[in-house]
Amino acid sequence: MGSDNTLLVTVILHHDQSKNLDEIMAYLKETGFYREFPPEGCELVSWVVAMSFGFIIQLRLEPSALRTLNRYIEEKAWGAFRYEIYPAYDFEPIAQKFKEA
């Protein structure tokens, strides 16, 4: 991946605070969330924990894989996390052209 035809997608996962950590981990083990992440067609770019916030995950994928990512989150993360997904694109090559102009 990494061509001009890919999206960068930021996924923010907030733990469901109505559950304790053991309940969350049991649910994620049951659904296979960690075992199967990232879903097919998605390349993991970064995955960080922001304390008191949750996971901030960045993926690179072809636009056609966006639905697969959404379904994966719905099937494997709902019940453990609230989530937000922000599709974006890599601006660095564009910024570099501005520097050269």
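These notes cover the salt bridges, one pocket and one surface patch of a predicted model.

1. **Salt bridge count.** The model holds six salt bridges. Three of them are taken up below, each with its partners and their exposure.

2. **Lys76 and Glu36.** Lysine 76 pairs with glutamate 36, and their closest N and O atoms are 2.9 Å apart. Lysine 76 belongs to helix α3 (residues 66-76) and glutamate 36 to helix α2 (residues 33-36), so this bridge ties together parts that are 40 residues apart in sequence. The partners differ in exposure. Lysine 76 is buried, because its relative accessible area of 14% falls under 20%. Glutamate 36 is partly exposed, with a relative accessible area of 35%.

3. **A network around that pair.** The bridge should not be read in isolation. Arg35, Glu36 and Lys76 are linked in a network of salt bridges.

4. **Arg71 and Glu75.** Arginine 71 forms a salt bridge with glutamate 75, with 2.8 Å between the closest N and O atoms. Both residues sit in helix α3, four residues apart, so about one helical turn separates them. Glutamate 75 is partly exposed, at a relative accessible area of 46%. Arginine 71 is also partly exposed, at 35%.

5. **Arg71 and Glu74.** Arginine 71 has a salt bridge to glutamate 74 as well, where the closest N and O atoms are 3.4 Å apart. Here the spacing in helix α3 is three residues, again about one turn. Glutamate 74 has a relative accessibility of 23%, so it counts as partly exposed: the cut-off for buried is under 20%.

6. **Second largest pocket.** Its volume is about 150 Å³. The lining consists of His14, His15, Gln17, Val49, Ala50, Met51, Ser52, Phe53, Gly54 and Arg82. Two elements, β1 (7-15) and β2 (42-50), give two or more residues to this lining. By character, the lining divides into four nonpolar residues, five polar and one charged.

7. **Nonpolar surface patch.** Which residues form the nonpolar patch on the surface? They are Tyr89, Phe91, Ile94 and Phe98, and together they have about 460 Å² of accessible area. Phenylalanine 91 lies in the loop between β4 (81-88) and α4 (92-100). With a relative accessible area of 42%, phenylalanine 91 is partly exposed. That value is over the 30% required of patch members, so phenylalanine 91 meets the accessibility cut-off.

Definitions and conventions
Residues numbered from 1 in each chain as written. Predicted model: local features only at pLDDT ≥ 70, side-chain atom pairs only at ≥ 80, totals over all residues. Heavy atoms only, no water. 1 Å grid on protein atoms, 1.4 Å probe; cavity = no way out; pocket = protein on both sides within 12 Å on 5 of 7 lines; lining within 4 Å. Points joined across faces, edges and corners; volume = space filled by probe spheres on them. Nonpolar A, V, L, I, M, F, W, Y, C, P; charged D, E, K, R; others polar. Patch = residues over 30% accessible without salt bridge, like charges linked within 9 Å, V, L, I, M, F, W, Y side chains within 5 Å. Areas by Shrake-Rupley, 256 points an atom, 1.4 Å probe, with all protein chains shown as cover. Salt bridge = Lys/Arg side-chain N within 4 Å of Asp/Glu carboxyl O. Buried < 20%, exposed > 50% of the residue type's maximum accessible area, 1.4 Å probe, protein only.
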